[in-house]
Amino acid sequence: MRARRSGAPRIAILGGGIGGLAAAAFLGKEGVAATVYEQAPRLAEVGAGLVIAPNAARQLRRLGVLDAVRERAVQLDTGWEFRRWADGTILSAEDLAASCERLYGEQTYTAHRADLLAAVQSQVPADSVELGRKCVKFEAGDGVLRLTFEDGDPVEADVVIGADGVHSIVRNAIFGASPATDSGLCAFRALVPAERAPAFARRAAQTLWIGPGHHLVHYPVSAGAFVNLVAFAPAGDFTTESWTSTATVEEFLAEFDGWDERLTDLIRAGGTPARWALLDRAPLPRWSEGNVTLLGDAAHPMFPFFAQGAAQAIEDAAGLARCLAEDLENPAAALRRYEELRIPRTTRLQDVSHGRAEINHLDDGPDQQARDAAFRHQDPLVANGWIYGYDLEAEFAPAAAAKQ
Ligand SMILES: Cc1cc2nc3c(=O)[nH]c(=O)nc-3n(C[C@H](O)[C@H](O)[C@H](O)COP(=O)(O)OP(=O)(O)OC[C@H]3O[C@@H](n4cnc5c(N)ncnc54)[C@H](O)[C@@H]3O)c2cc1C
């Protein structure tokens, strides 16, 4: 569908998570209005902490919110501090304080998701967000895009952006339900108040304890007020893919029975953990159909082993806004350009994230010894330069130069 002659297209963004709000914020920066429809009665993030890598920080700076994020985040001095499960021996560590900004022009931060969401939301006019709007049906037919909600009037739009997460109703409507397979893994997450956390966990460090079939990552968030724990373990028959589902501290502890006591004490100090089954989905070859597209987890759910899901949603949002703003008269062409720009990168990230669990979860033995020996020569900050050094602006630079 082409934009209405009488004015700018009506853009509906379904989902007010980090991706949907970032899309509204970046569109606003380009002078393009959009309305966000979010099912929750208020904007809030569950799931505790996340890593803001330099590529995400770069986009947050462009959006003008990096300073606000930094106020409530923790700037990491150390990243990828790998420790052995049984005794905490440090296998390798990256000196981010010395290298990150020099290599990529930005630092790495850890933040509570609610703080990141609030900073992004500050760039979206309040009257552009409709809360308590659970979409129950999306139809794209006869030149009309229609969203039907559990409560309130239906909405017709000229452009629809499905930023409605891993269970996307928009994705299912245009491409069919994407079949998920069992990965065999689940994630536990918990927050430990800083006053209950030992000194090693309060450092400005991202630490990964790795061992047979499991690994656990911790880092401080909320300006150091909490330590965020996220751990990966066999899922058994647990298949619920939702942050609202919980486990008990005892269930979490049972997964790490026999590990270094400093780690099990840390788990014990946390509140009720959330538990999330990691389901596996193949990358989509296309995200757009006419004037409808996908963004963030709706488009490319990925395993969290490269801590890039939210970062990619933010990059999507920035890229989508540029493509739409440059071709507002022809949204379908803009959305095709957007997916061509983004799919190769997010597919590569989906693929590499997928492979990581096996390496972290080796049983003790010759393969584990070879892995641990190799750690000494690894430099993840440099090796992952394609992730952290990526600059979306460069993708648009030739077009901008041609216009001059
Ligand atoms: C264990 C774990 C650790 C992670 N760690 C990191 C990390 O360190 N760094 C990082 O960058 N990423 C991380 N991620 C990934 C990150 O959490 C996601 O990629 C990111 O939140 C996706 O954002 P989104 O806006 O696309 O989707 P979501 O955050 O899922 O938001 C979707 C929104 O849509 C709304 N919605 C859904 N359906 C409807 C409907 N029918 N009607 C109306 N509204 C609807 C939801 O309420 C929600 O607000 C991690 C993920 C996991 C599982």
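Here, a residue counts as near the ligand if its C-beta atom, placed from the backbone, lies within 6 Å of it. By that yardstick, 33 residues surround the ligand in this predicted model. The protein chain is assigned two domains, and the shell around the ligand draws at least three residues from each of them.

**Around the ligand**
- The closest residues are Gly15, Gly17, Gly165, Gly296 and Gly309.
- Sorted by class, the shell comes out as 18 nonpolar, 10 polar and 5 charged residues.
- Helix 1, strand 3 (49-52) and helix 10 each chip in at least two shell residues.
- Helix 10 supplies the largest share of the shell, with 4 residues.

**How the chain is divided**
- Domain 1 is pieced together from 1-41, 131-179 and 283-358.
- Domain 2 takes in 48-112, 181-280 and 362-404.
- Between the C-alpha centres of domain 1 and domain 2 there's a gap of 26 Å.

**Where the domains touch**
- Domain 1 puts 19 residues into the contact, and domain 2 puts in 18.
- On the domain 1 side, the elements giving two or more residues are helix 1 (18-29), helix 10 (309-326) and helix 11 (331-360).
- Helix 10 gives the largest share of that side, with 7 residues.
- That same side of domain 1 splits into 14 nonpolar, 2 polar and 3 charged residues.

**One helix, two jobs to look at**
- If you're browsing the model, try helix 10: it has the largest share of the ligand shell, and helix 10 also has the largest share of the domain 1 side that touches domain 2.

Technical notes:
Residues numbered from 1 in each chain as written. Predicted model: local features only at pLDDT ≥ 70, side-chain atom pairs only at ≥ 80, totals over all residues. Domains from an automatic or database assignment. Contact = placed C-beta atoms within 7 Å. Nonpolar A, V, L, I, M, F, W, Y, C, P; charged D, E, K, R; others polar.
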